[in-house]
Amino acid sequence: QSFETFSFDWYGTQAWESYGRSPRENMEIVFDICTGFARTFAYGSGNLLFTGPPGLGKTFLSACIAREVSGRGFSVVYDTAAHIFQSFESGKFGREGLPGEDPEREIERCLHCDLLIMDDLGTEMFTKFVKAAFYRIINDRLMSRRKTVLSTNLSLDELGGHYGAAAISRIRGEYQILHFFGDDIRILKRDR
């Protein structure tokens, strides 16, 4: 997965009234923001939130960013939110992580890498611990000026309901929010 292999052909050209543009026009904007973010990544870069239904390219573009930024020599951790929270839980409660994994080391990697990409935020089992861990990740990384890309199928209001007002306030204030919309590409590929 790379920016060079990304295709706009899967995005419709009819304007969606609720967005005032077509899925393709929207994706051209999103793509330009993502390529700019990755190709000019530095310690002063911003943070990104990808939000929208499944099958619209959020994971693909996350992988493209990870590839580009790591290729430029920055440390990147790209993982699912569920696995990251599992590492935090294992570290907190002294449980073993996956075979060969050191939960404390995984937590340090997530908090101190140059770029953290958390995919599928909102698919993990929701608990008070997850809410607290998410706030810690967001807040600690903002305070240390380390950059984060979050990807979720949830809306901002749904994120706020899960993770609380304090975390969402930080996201609204410190992240560029990119909305994904259109037809599910996985279904389009299956039907072709």
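**Exercise 1. The order of helices and strands**

Task: State the pattern of helices and strands along the sequence, and give how many of each there are.

Solution.
Step 1. Read along the sequence of this predicted model. The pattern is α-β-α-β-α-α-β-α-β-α-α-β-α.
Step 2. Count each kind. The protein has eight helices and five strands.

**Exercise 2. The overall fold**

Task: Work out whether the radius of gyration agrees or disagrees with that of a compact globule. Then describe the spans, the burial and the surface of the protein.

Solution.
Step 1. Take the expected value. A compact globule with 192 residues would have a radius of gyration near 16 Å.
Step 2. Compare. The protein has 17 Å, so the value agrees.
Step 3. Add the spans. The C-alpha trace covers about 50 × 35 × 35 Å along its principal axes.
Step 4. Turn to burial. Of the 192 residues, 44% are buried.
Step 5. Look at the surface. About 9,800 Å² is exposed, and carbon and sulfur atoms supply 49% of it.
Step 6. Check how contacts run along the chain. Take the contacts between residues at least 6 apart in sequence; 76% of these join residues at least 24 apart.

**Exercise 3. Two helices that meet**

Task: Describe how helix H5 and helix H7 cross, and say which residues meet.

Solution.
Step 1. Choose the descriptors. Two packed helices are described by the distance between their axes and the angle between them.
Step 2. Locate the helices. H5 covers residues 128-143, and H7 covers residues 165-174.
Step 3. Give the geometry. The two axes come within 9 Å and cross at roughly 35 degrees. The crossing of H5 and H7 is left-handed.
Step 4. List the partners. H5 contributes Phe134, Tyr135, Ile138, Asn139 and Leu142. H7 contributes Ala166, Ala167, Arg170, Ile171 and Glu174.
Step 5. Sort the residues of this contact. Seven are nonpolar, one is polar and two are charged.

**Exercise 4. Two threonines in strands**

Task: For threonine 148 and threonine 51, find the strand, decide buried or exposed, and name the contacts.

Solution.
Step 1. Place threonine 148. Its strand is S4, residues 147-152.
Step 2. Judge its burial. The relative accessibility of threonine 148 is 1%, so this residue counts as buried.
Step 3. Name its contacts beyond four places in sequence. Threonine 148 is in contact with Asn47, Leu48, Leu115, Leu116, Arg141 and Tyr175.
Step 4. Place threonine 51. Its strand is S1, residues 47-51.
Step 5. Judge again. Threonine 51 has 5% relative accessibility and therefore counts as buried.
Step 6. Name the contacts of threonine 51, again beyond four places. They are Lys58, Thr152, Leu154, Ser155, Ile177, Leu178, His179 and Phe180.
Step 7. Check a distance. Threonine 51 and leucine 156 are 105 residues apart along the chain, and their C-alpha atoms are separated by 7.8 Å.

**Exercise 5. Charged residues, buried or exposed**

Task: Decide whether glutamate 106, aspartate 114 and arginine 186 are buried or exposed.

Solution.
Step 1. Fix the cut-offs. Buried means under 20% relative accessible area, and exposed means over 50%.
Step 2. Take glutamate 106, in helix H4 (residues 103-112). Its relative accessibility is 9%, so glutamate 106 is buried.
Step 3. Take aspartate 114, in the loop between H4 and S3. Its relative accessible area is 14%, so aspartate 114 is buried. Among the residues aspartate 114 touches are Phe41, Tyr43, Arg141 and Lys147.
Step 4. Take arginine 186, in helix H8 (residues 185-191). Its relative accessibility is 57%, so arginine 186 is exposed.
Step 5. Find the contacts of arginine 186, leaving aside neighbours within four places in sequence. They are Pro54 and Gly55.
Step 6. Add a distance. Arginine 186 and tryptophan 10 lie 176 residues apart in sequence, with 9.6 Å from C-alpha to C-alpha.

**Exercise 6. Positive phi**

Task: Say where aspartate 120 and arginine 145 are found, and what sign phi has in each.

Solution.
Step 1. Recall the background. Most residues other than glycine have a negative phi.
Step 2. Take aspartate 120, in strand S3 (residues 115-121). Its phi is positive, about 60 degrees. With 30% relative accessibility, aspartate 120 counts as partly exposed.
Step 3. Take arginine 145, in the loop between H5 and S4. Its phi is also positive, near 60 degrees. With 53% relative accessibility, arginine 145 counts as exposed.

Conventions:
Residues numbered from 1 in each chain as written. Predicted model: local features only at pLDDT ≥ 70, side-chain atom pairs only at ≥ 80, totals over all residues. Heavy atoms only, no water. Axes fitted to C-alpha atoms, helices over the stretch in contact; angles between N-to-C directions. Helix = DSSP H or I, 4+ residues; strand = E, 2+ residues; numbered from the N terminus. Left-handed = near helix turned anticlockwise from the far one by under 90°. Contact = heavy atoms within 4.5 Å. Nonpolar A, V, L, I, M, F, W, Y, C, P; charged D, E, K, R; others polar. Rg over C-alpha atoms; globule rule 2.2 N^0.38 Å. Buried < 20%, exposed > 50% of the residue type's maximum accessible area, 1.4 Å probe, protein only. Areas by Shrake-Rupley, 256 points an atom, 1.4 Å probe, with all protein chains shown as cover.
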